[in-house]
Amino acid sequence: MRLTAQERQMLGGGEGAAVQKAMRIVVALAEIYEAQELVPVASAQVAGVSYKNLGDAGLEFLEDWAAPQIGCPTRRPSRPDGEGARVRVPAFMNPAGMDLERWQEMGIQPEFARQQQRVVRSLSSMGVVPTCTCTPYLVGYAPRAGEHLAWSESSAVSYANSVLGAYTNREGGPSALAAAIVGRTGAYGLHLTRNRQATHVVKVACGLNNEADFGALGYWVGKQIMDGVPFFQLGQSGRQSRPRQEQLMALGAAMAASGAVALYHIEGVTPEAGQAVPDGAKLPALAIPDLTEAYCELNSALDEVDFVSIGCPHSTLGDIERVAAMLDGKQVRATLWVTTSRHVCAVAQKHGWVARIEAAGGKVFADTCLVVAPVEEIGFRAMATNSAKAAFYGPAHSGLQRRFGTTEQCVAAAITGRWTGTTGDASPK
Ligand code: F3S
């Protein structure tokens with residue numbers, strides 16, 4: 001693999017041990033994937049922020065890499081002087097395991113909170129911005145088309161590649177951090193134009209009326225094509241209009257969860273769709289006549305609901321406004337969490353939408369989500385969600401039975417404590 005003089009210097013330790021460690025990670029991955037060179041990255045999105053997922057070993061790994069003064073004073077660092085890593089491109093954090101300010105209201109234990117705060121301090125000391133969101137593109141970090149990135153949360157990766165036309169593989173948490181420290185990643189996978197072409201054509205013939213339908217579609221397609229690149233033709237779905245931002249977010253998040261789809265194209269909608277299918281190419285085709293099976297698989301036989309989660313991926317302002325309107329004059333029986341970024345939460349507060357949701361007994365939490373928060377320790381058992389990704393991960397990650405449907409069905413379940421919705425509009429048109 002070709003390395004520039006500066007890259008060789010970093011690898012040889014000329015810029016210090018922290019940079020050398022990062023460069024070793026970046027180069028090792030690039031060699032595994034047979035990259036010919038490294039590419040500069042415009043930004044990095046660092047997953048592996050939740051202490052639930054990191055545990056003590058992950059926390060100590062970060063503290064060893066970070067500046068020496070931020071380590072826990074009671075723990076002897078494995079390197080007495082620390083390593084003092086700093087990022088050299090804009091880098092921002094994925095959600096943490098709790099709302100960093102209102103964790104007690106979530107039912108988080110103090111010991112978990114202490115360890116979570118150490119994780120955030122470690123990353124912050126390296127210059128990683130504590131955005132704590134999987135939607136950095138909603139909070140001022142939207143990449144430009146054609147920019148190379150090192151992002152790691154799968155829904156963010158999908159959105160950056162597919163909707164914004166940026167170039168990123170799905171990095172692991174440490175490799176995204178390493179890329180941020182050296183400002184580079186390996187030129188392989190989706191950094192190469194030739195790997196961004198469609199592998200499958202998906203012909204959708206059923207109605208797609210809301211985020212849940214897009215999530216169900218994404219769940220089903222991800223399961224079928226795994227790490228392929230789908231080219232969606234929505235022509236027969238009855239849609240006249242471009243899918244809304246929240247619908248694209250739901251589609252990508254679900255495909256990245258049930259499969260490993262990091263890039264999709266939608267005919268006439270996404271920026272690279274026009275070049276996604278080479279002239280004359282005969283790609284495997286997948287027909288979607290309805291979403292019945294997808295809805296069935298994402299729903300447990302469950303009537304009583306004790307937890308309702310909205311905000312996977314993190315809620316947009318529009319999502320929060322809609323939930324506030326649905327709750328006016330109502331009170332919830334089940335616990336309702338609307339999860340979002342701190343930035344979006346602050347704007348929603350200014351509009352009064354957070355106060356309206358909380359007047360009805362719901363909570364709008366920032367920095368976290370149900371998948372990365374320790375909800376099983378909080379004691380929830382039966383969840384309703386409008387997110388196919390959350391419904392997919394709920395049982396395995398959080399020990400939750402689940403119901404999956406529209407935002408309206410989920411808010412109704414929060415109010416009554418019961419799931420009475422149908423399983424979405426899965427009827428063929
Ligand atoms: Fe985001 Fe958490 Fe869902 S990181 S995509 S809200 S699982």
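**Ligand shell and domain contacts in the predicted model**

Sorting the residues of the shell around the ligand by class gives 6 nonpolar, 2 polar and 2 charged; here Ala, Val, Leu, Ile, Met, Phe, Trp, Tyr, Cys and Pro go down as nonpolar, Asp, Glu, Lys and Arg as charged, and the others, Gly among them, as polar. The structure is a predicted model, so to speak of local features takes a pLDDT of at least 70 and side-chain atom pairs count only at pLDDT 80 or more, while totals for chains, interfaces and linings use all residues. Numbering runs from 1 along each chain as its sequence is written, and side-chain values use heavy atoms, with hydrogens and water left out.

The shell itself is made up of Pro95, Cys134, Glu153, Ser155, Gly311, Cys312, Pro313, Cys369, Val371 and Lys389, a residue being near the ligand if one of its heavy atoms lies within 4 Å of it. Domain 1 (5-193) and domain 3 (298-416) each put at least three residues into this shell. Domain 2 (197-290) completes the assignment, whose bounds come from an automatic or database source.

Now for domain 1 and domain 2. Their centres, taken over C-alpha atoms, sit 29 Å apart. The contact (heavy atoms within 4.5 Å) takes 17 residues from domain 1 and 15 from domain 2. About 1,200 Å² is buried between the two, with carbon and sulfur atoms giving 62%; this is the accessible area (1.4 Å probe) that two parts lose on being put together, summed over both. Tyr159, Ser162 and Val163 supply 36% of what domain 1 buries against domain 2, more than any other three residues. On its side touching domain 2, domain 1 has 8 nonpolar, 8 polar and 1 charged residues.

As for confidence, pLDDT (the predictor's confidence in each residue, from 0 to 100) averages 93 over the protein, and 94% of its residues reach 70 or more. Residues 69-81 fall below 50, and this stretch has 16 contacts in the model beyond near neighbours in sequence.
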